[in-house]
Amino acid sequence: MSWAETLATAWDAVRSHRLRSLLTMLGIVIGIASVILTVGLGQGAQDQVKSQISALGSNLLIVSPGSSTDSSGVRGGFGSASTLTLSDAEALGDDKAAPDVKGVAPVTTSNAQLDTASTNWTTSLVGATTTWPQVRKRDVATGRFFTSEEVASGAKVVVLGADTAAELFTGPASPVGETVSVGGTALTVIGVLESTGASSSGSTEDDTAVTPMGTAKSLTGSTSSSVSTVYVEAVSDEALPAAYQEINALLLNLHGVSADEADFSISSQDSLVETANATNKTLTVLLGGIAAISLLVGGIGVMNIMLVSVTERIREIGLRKALGATPSVIRRQFLAEASLLGLAGGVVGIVIAAVGAWGLPGLIDQPVSLSLLATAAALVTSLALGVGFGVYPASRAARLTPIDALRSE
């Protein structure tokens, strides 16, 4: 019997028991679809994180204040003390002291309730300088950002995030020129920032209100020169390590502390990407392992049905052997049937995964990136499952002797 005849016979056997074949493939279908979608969700999350962080600037360094003491008494840079000041930010902007630094944006952050004539909204109040849009890679959709003169004079102006503006002002009209108040102090809206969208964790930078640094301090009653964070933009991606070293050395010198006593910490976007990707990979592996259990169950189902098929066709096997069929021909026939079941389950699973990748993002607000490599691997896996779990039934059929097979009832 040729391979073409073997495949035709196997297809006839699978087609003659459509419902049984469909139920047999069900475990493989679920497993393949689950694995592909799980990998797609993980890849989509990684792509989303990379896109969002790239939008913020891949050459961005974040300097945070504070110090902590570990069990040995050594201080590190991850506490909450306000150890960064405006003078620190000004020093970091010195071209001679830090030639690989392109821009510096110190900020203060606090929560504040913004009131209008008809509503109110609690948001993040950011005190910033004119360099903030450049360093943070934020553009103004309508209106403008505040000027250096407004920063120097502590002008009562505010630039709203897209979400904050939508919460405070309804309707198609631009909120530019309208007034909001914070603690009884009226602020004029001079601009609305372009939306950055929500991150993979659900957080958003669109719910914010940005005012001049002095204005923010007066609204919160602060008289200190401390800042919450200093954002530093390196001249290029390649200059990021050099900028990191320059910032670290300069701040250690300004604060008069050693590296072991650093009262600040410096992080980069790359470290955020690595952390987010590591988390996503862990979840992907975990969920993929759970989905793989369905593949195992599906493989066992194939083996079970093939054993039933061997039992039902035992007289047919005896007749074929009596007419000269060799054990290898019998084995090949049943392996072909098991392979078809596995392959068909894989194809149906891929189709379902493709449909899911198209429909899921709209339901869960999470991108799904189908991987050609993962899809091909899934198809090969489904075929391997059919072959692997079909070996025992096929071998059992091949071992039957003609006389025993023809005598069976």
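**Strands, salt bridges and a nonpolar patch**

Modeller: Let's start with strand β10 (residues 208–212), which is mostly covered, with 5 of its 5 residues buried.

Colleague: What makes a residue buried or exposed?

Modeller: Buried means under 20% relative accessible area, exposed means over 50%, and partly exposed is in between (1.4 Å probe, protein chains only). Of the 409 residues in the protein chain, buried ones make up 44%.

Colleague: What makes a stretch of residues a strand or a helix?

Modeller: Both are DSSP runs, numbered from the N terminus: helices are H or I over at least four residues, strands are E over at least two. The protein chain has 13 helices and 12 strands.

Colleague: How do you know how far to trust the model?

Modeller: This is a predicted model, in which local features need pLDDT of at least 70, side-chain atom pairs count only at pLDDT 80 or more, and totals for chains, interfaces and linings use all residues. Residues are numbered from 1 along each chain as its sequence is written, and side-chain values use heavy atoms, leaving out hydrogens and water. pLDDT is the predictor's confidence in each residue, from 0 to 100; the protein chain averages 82, and 87% of the residues score at least 70. Confidence is highest in strand β7 (residues 157–160), at a mean of 96, and lowest in strand β3 (residues 75–76), at 38. Over residues 68–81 pLDDT stays under 50. For that stretch the model has 31 contacts (heavy atoms within 4.5 Å) beyond four places in sequence.

Colleague: Back to β10: how do you know which strands pair with it?

Modeller: Two strands pair if DSSP finds at least two bridges between them. Strand β5 (residues 120–128) shares 5 bridges with β10 in the parallel sense, so this counts as a pair. One facing position is alanine 128, which stands opposite proline 212 in β10. β7 runs antiparallel to β10 and is joined to it by 2 bridges, so it qualifies too. There, valine 159 has valine 210 of β10 as its bridge partner.

Colleague: Why is the contact between arginine 138 and glutamate 205 called a salt bridge?

Modeller: Side chains of opposite charge can pair when their charged atoms come close. A salt bridge here is a side-chain nitrogen of Lys or Arg within 4 Å of a carboxyl oxygen of Asp or Glu. In this pair the closest N and O atoms are 3.6 Å apart, so it meets the cut-off. Arginine 138 lies in the loop between α4 and β6 and glutamate 205 in the loop between β9 (185–193) and β10, so the pair ties together parts 67 residues apart in sequence.

Colleague: What makes arginine 138 buried, and what about glutamate 205?

Modeller: Arginine 138 has a relative accessible area of 4%, so it counts as buried. Glutamate 205, at 31%, falls in the middle class, so it is partly exposed.

Colleague: Which other residues join arginine 138 in a network of salt bridges?

Modeller: Arg136, Arg138, Glu205 and Asp206 are linked in that network. Aspartate 206 and arginine 138 meet in a salt bridge at 3.6 Å, N to O, and both are buried. In the whole structure, a search finds 5 salt bridges. One of them joins glutamate 150 to arginine 144, with the closest N and O atoms 2.8 Å apart.

Colleague: Why is lysine 137 called partly exposed?

Modeller: Its relative accessibility is 35%, between the two cut-offs, so lysine 137 gets that label. Lysine 137 sits in the loop between α4 (132–136) and β6 (140–143) and has a positive phi of about 55° although it is not a glycine.

Colleague: What makes valine 351 fit for a nonpolar patch?

Modeller: Patches are made of residues with over 30% relative accessible area and no salt bridge; like charges are joined within 9 Å, nonpolar side chains (Val, Leu, Ile, Met, Phe, Trp, Tyr) within 5 Å. Valine 351 has a relative accessible area of 48%, so it passes the area cut-off. This valine is found in helix α11, which gives the most to the nonpolar patch, with 5 residues. Both α11 (327–364) and α12 (372–399) supply at least two residues each. Members of the patch include Leu343, Trp358 and Val391.

Terms used
Accessible areas come from the Shrake-Rupley method with a 1.4 Å probe; for residues, only the protein chains shown count as cover.
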